[in-house]
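This report describes the packing, voids and charged pairs of a single protein chain. The sequence and the model are shown first, and the description follows.

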Amino acid sequence: MTANFHLVLVHSAGWQAIADFETIKRHVEELAPDIEVFIVSNEMPSSYTRKKAAARPSLVFSPIRLLAFAPARGKVYAGQPMSKLVEMQKLAAGGMRVPRFEEIRPGTTLSPEDYGPHTIVKASYAYAAWGQGIELHLTESVRYRPPEDYPKDHPGRRAPMVAQAYIDCGHAMSCRVLTLFGAPIFSYLRRATKPLALAGRIGPFAVPDFLPAPPDMTAHVTEEPDMLAFAAKAYEAMPEVALQACDILRDKEGGLHLLEINPGGGTWMFSSKNAQMYKDRLGTDDLSAYFDAFRLCARLLVERTRAEAE
């Protein structure tokens with residue numbers, strides 16, 4: 001059968017294993033003989049493949065932003081780094097339940113009536129992993145600090161700081177639902193087994209310090225229907241970002257709150273630099289097995305290619 005469409009998967013070394021994309025490619029070829037699949041490197045122009053892929057209507061998918069590779073044609077879905085302020089504004093405008101937030105500017109004062117007794121302070125751009133640079137403050141103490149007042153390596157030197165209402169979950173928790181076009185392809189939930197006491201925690205609030213180690217912490221893949229549906233709704237709020245790593249909290253009353261979707265796309269959890277950690281904590285060698293993720297990715301990409309290739 002002659003191909004009618006082309007699908008271009010853009011691989012970025014260090015961010016995803018190329019074997020993942022090769023598996024997705026095989027599934028697409030099984031599902032859709034009318035789609036020819038190309039895997040290209042994001043580190044080079046790939047001039048020959050670029051020209052060949054442009055011969056038919058194409059769809060281009062890259063978890064992170066396009067670097068050296070620039071497609072000659074096609075509908076492009078690629079990671080889009082953006083400030084947390086812009087991201088949260090888009091999500092809130094799209095109807096998502098996000099914690100109250102605002103940029104901390106000269107003269108900013110926060111009311112405990114609006115934010116509660118505690119407030120998270122973090123950079124509007126994520127320059128460090130695992131929550132480094134995030135701090136917990138008493139709400140009434142939050143004040144603007146000029147960039148030069150922060151320590152040398154603090155993200156506050158490079159971007160405005162943001163105040164975000166602290167969500168009381170009762171127990172320390174962290175949940176990420178990874179979606180492609182709104183469909184969950186992986187999830188990971190960590191939760192402390194003991195109630196969280198905030199006393200003495202004012203100040204740095206990095207994730208490794210916030211969540212305890214086993215046996216006081218459990219980790220598992222979550223398939224809670226409301227949490228997965230909540231993540232799917234986030235895609236409706238920002239449909240231009242295909243791959244979304246939705247960081248979600250469940251408060252003490254059971255309500256869900258979206259912290260961010262990590263639109264930059266460095267969140268291919270199956271083979272990212274943190275993949276081994278997830279494997280160790282979940283006791284598995286194959287993170288893609290839980291949602292049959294690569295077959296599901298193939299099906300979703302087939303549907304999008306047929307519907308949107310340009």
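## Packing around helix α7

The elements that cover the buried residues of α7 include β9 (171-180), β10 (183-195) and β12 (217-220), where contact means heavy atoms within 4.5 Å. Helices (H or I, at least four residues) and strands (E, at least two) are DSSP runs, numbered from the N terminus. The model is predicted: local features need pLDDT of at least 70, side-chain atom pairs count only at pLDDT 80 or more, and totals for chains, interfaces and linings use all residues. Residues are numbered from 1 along each chain as its sequence is written, and side-chain values use heavy atoms, with hydrogens and water left out.

Within helix α7 (residues 275-282), Ala 275, Met 277, Tyr 278, Lys 279 and Leu 282 are buried. Buried means under 20% relative accessible area, exposed over 50%, and partly exposed in between (1.4 Å probe, protein chains only). Gly 283, just after α7, adopts a positive phi of about 70°.

## Nonpolar cores

A nonpolar core is a set of buried Ala, Val, Leu, Ile, Met, Phe, Trp, Tyr and Cys residues joined through side-chain atoms within 4.5 Å. The largest such core has 71 residues, of which Ile 24 and Leu 258 touch the most other members. Helix α8 (residues 293-308) is the element that gives the most to this core, with 8 residues. A second, separate core has 10 residues, among them Val 121, Ala 123, Ala 163 and Ala 165.

With residues up to four places away in sequence not counted, the contacts of Leu 258 include Met 88, Leu 91, Met 96, Val 98, Phe 230, Ala 234, Cys 246 and Ile 248. Arg 97, Pro 99 and Asp 247 also touch Leu 258.

Leu 296 belongs to helix α8 and is buried, with a relative accessible area of 15%. Leaving aside neighbours within four places in sequence, Leu 296 contacts Ala 183, Pro 184, Ile 185 and Phe 291. The C-alpha atoms of Leu 296 and Leu 180 are separated by 9.0 Å, although these residues are 116 residues apart along the chain.

Ser 46 occupies the loop between β2 (35-41) and α2 (47-53). Its relative accessible area of 17% makes Ser 46 buried, and it touches Val 40, Ser 41 and Phe 69, not counting residues up to four places away in sequence.

## Cavity and pocket

Voids were located on a 1 Å grid over the protein atoms alone: a cavity is a set of points where a 1.4 Å probe fits but cannot get out, a pocket is an open set with protein on both sides within 12 Å along at least five of seven lines, and lining residues have an atom within 4 Å of a point. Grid points are joined across faces, edges and corners, and a volume is the space filled by probe spheres set on the points.

The count comes to 1 cavity of 30 Å³ or more, and the largest cavity holds about 30 Å³ of space. Its lining consists of Val 8, Arg 50, Ala 53, Ala 54, Val 60, Phe 69, Pro 71, Ala 72 and Arg 73. By class, this lining has 7 nonpolar, no polar and 2 charged residues. Here Ala, Val, Leu, Ile, Met, Phe, Trp, Tyr, Cys and Pro count as nonpolar, Asp, Glu, Lys and Arg as charged, and the others, Gly among them, as polar.

The second largest pocket encloses about 240 Å³ of space. It is lined by 20 residues, and those closest to its centre are Ile 104, Arg 143, Arg 145, Tyr 150 and Met 161. Its lining has 10 nonpolar, 5 polar and 5 charged residues.

## Salt bridges

Side chains of opposite charge can pair when their charged atoms come close. A salt bridge is a side-chain nitrogen of Lys or Arg within 4 Å of a carboxyl oxygen of Asp or Glu, and the structure holds 15 of them. Three are listed below.

| Pair | Closest N and O atoms |
|---|---|
| Lys 90 and Glu 240 | 3.7 Å |
| Asp 226 and Arg 250 | 2.9 Å |
| Arg 295 and Asp 292 | 3.3 Å |

Lys 90 in helix α3 (residues 84-93) and Glu 240 in the loop between α6 (225-237) and β13 (243-250) link distant parts of the chain, 150 residues apart. Lys 90 is partly exposed at 35% relative accessible area, and Glu 240 is partly exposed at 29%.

Asp 226 lies in helix α6 and Arg 250 in strand β13, so this pair ties together parts that are 24 residues apart in sequence. Asp 226 is partly exposed at 37% relative accessibility, whereas Arg 250 is buried at 19%.

Arg 295 and Asp 292 are joined with Glu 30 in a network of salt bridges. Arg 295 counts as partly exposed at 40% relative accessibility, as does Asp 292 at 41%.
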